[in-house]
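The following paragraphs offer a guided reading for someone meeting this structure for the first time. The sequence and the model are shown first, and the explanation follows.

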Amino acid sequence: MPTEYSSLQEKKFMHQDDWADGLPAIDDIIMGDLMEDPYPIYARAREMGSVVRIAATGLCLVTHFDDIIAIERDPETFSSRIPESNVVQLFGANLMRKDGHDHRRERQAIDPALRPGTAKRCWAPRLEAIVDDILNEVEPLGQADLFSAVAEPIAGRALIEVIGFVDLEWQTIARWSQAMMDGSSNYSQDSEPRLRALAAGREIERAVDLSLNQAGGPPEDSILGSMSRAGLSREEIHGNAKVAVGGGFNEPRDSLLSLLLGVLSDPVQRDRLLSDPALWPAAFDEAVRWISPIGMYPRKLTRDASIGGVTLPRGALIGLSVAAANREPERFVDPDRFDLSRPKVKNLAFGSGPHFCAGSWVARTLVGGIAGPRIFSRLSALRLVDSETVPVRGWVFRGPTSLPAQWTV
Ligand code: HEM
């Protein structure tokens, strides 16, 4: 596994946009603007064309819903195999950056741990116990930041269970996940996040080995149990465990916080949801559409191809901006609004095609099925301290970074 970028690789990766000189470009924003609020920038890009160069990122983004669907239907042309990507450089080879048979083999190895049936039979009772345990501690406080007191421990303890780690604190998996996120979204190739992600990766490998080497092996239903039973090599298990750590913690955390923010910011919608619990699945879908926890992921062209009438060359690296597509006004009326009364329309928060999120059922069960309803039933008259000043940050990964709330004890 390559553990460091060489300066040549870095250069090649950053200059993928030579071919993109003729494309419409947004070159008057800095990375900080995207981190603060990418949605006005996405709205501009959608108007400008099917593929738009965002100079600050060195990437060309596809922002239209139908274009992304068409791309994901043709993985032979729009490949996930991107050896120079941050994810491969930092995590090692993994299923998310493979295609065809190589991808299917590893996906089939991980899937049994994450199927709807396993989520219901095996994970739901354990996740209920975790959520209750955390709420038992928080309920008497009467106020807390729901980011650190509720969403982080729920997401962390759930993921430790689902992956099958032993003797691990949720704070450790939170630190690893943040390091993996910062490393994989490090499109400006700064050295601090890269080194921190590599160090976290080595710690994850040791934790994987601890679980695999314990007497009796890893828990049978867990991701590690499932991959080990399927006969994946230690190296493959290491790479995929890092994807699960990187992708399985902050997205459930952020989707839970966005869901709470959306519901708590509007008393009418809150009352509607609380009087009709059948709306919880729709509330979860609307939260991940409204603030997509993963806003963008890359694909690479294996041959010349056209996207929305724009011809791109073989080797071009593009970013699929599912966050932008999820706010397309033609598909979602008043798209910037969190709205529980929206008609049920597919959104792209979990991606689409062969790499559609493997953990979507576990995330759905945890956030919309268990944590959301229990938070409202346990924290009486739950309200935000100030819904106007909640900080929401990020573009590759996005969510509220703090959610101070109060309730009646
Ligand atoms: C709200 C929560 C979540 C969201 C929005 C989300 C989103 C996504 C997206 C957009 C992808 C596709 C990335 C790409 O194609 O490059 C993906 C892939 C993946 N996700 Fe999730 N995810 C969530 C939760 C989880 C959880 C809880 C787990 C594990 C326990 C997980 C495991 C994975 C894995 C293993 C892949 C790679 C699938 C493949 O390449 O075949 N995700 N996720």
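A suitable place to begin is the ligand, in what is a predicted model. A polar atom in the side chain of Arg299 lies 2.7 Å from an oxygen atom of the ligand. Two further arginines take part in contacts of this kind: an N or O atom in the side chain of Arg107 is 2.8 Å from a ligand oxygen, and for Arg97 the corresponding distance is 3.3 Å.

The surroundings may now be considered as a whole. The ligand is surrounded by 26 residues, and the closest of them are His103, Arg107, Arg299, His355 and Cys357. By character, this shell divides into 15 nonpolar, 7 polar and 4 charged residues. Several elements of the fold contribute to the shell: helices α6 (100–110), α12 (234–248) and α13 (250–264), together with strand β6 (297–301), each supply at least two residues.

The ligand also contains an iron atom, and the protein offers this iron a single donor, the SG atom of Cys357, at 2.3 Å. Cys357 is situated in a loop, the one that runs between α16 (322–325) and α17 (360–378).

Another loop deserves attention, the one between α5 (86–91) and α6, where Asn94 is found. The relative accessible area of Asn94 is 1%, under the 20% limit, and the residue therefore counts as buried. A polar atom of the Asn94 side chain lies 3.0 Å from the backbone nitrogen of Met96.

The discussion turns next to helix α8. This helix comprises 18 residues, 146–163, and at 1.5 Å a residue it should span 26 Å; the C-alpha atoms at its ends are 24 Å apart, which agrees with that expectation. The helix nevertheless has a kink of about 30° at Glu152, shortly before the proline Pro153.

What is found at the two ends of α8? At the N-terminal end, Asp145 acts as a cap, with a side-chain oxygen 2.9 Å from the backbone nitrogen of Phe147. Just after the helix comes Gly164, which takes a positive phi of about 100°.

Is α8 mostly covered or mostly uncovered? Of its 18 residues, 14 are buried, and the helix is thus mostly covered. As a general point about such elements, an α-helix has 3.6 residues a turn, so residues three or four places apart point the same way.

Conventions. Residues are numbered from 1 along each chain as its sequence is written. This is a predicted model: local features need pLDDT of at least 70, side-chain atom pairs count only at pLDDT 80 or more; totals for chains, interfaces and linings use all residues. Side-chain values use heavy atoms; hydrogens and water are left out. A residue is near a molecule or strand if one of its heavy atoms lies within 4 Å of it. A polar contact is a pair of N or O atoms within 3.5 Å; within protein, one must be able to donate a hydrogen and the other to accept it, and residues adjacent in sequence count only if both atoms are side-chain atoms. Helices (H or I, at least four residues) and strands (E, at least two) are DSSP runs, numbered from the N terminus. Ala, Val, Leu, Ile, Met, Phe, Trp, Tyr, Cys and Pro count as nonpolar, Asp, Glu, Lys and Arg as charged, and the others, Gly among them, as polar. The expected span of a helix is 1.5 Å times one less than its number of residues. The bend at a residue is the angle between axes fitted to the seven residues ending there and the seven starting there. Buried means under 20% relative accessible area, exposed over 50%, partly exposed in between (1.4 Å probe, protein chains only). Donors are N, O and S atoms within 2.8 Å of the metal (3.2 Å for Na, K and Ca); water is not among the atoms, so sites may look incomplete.
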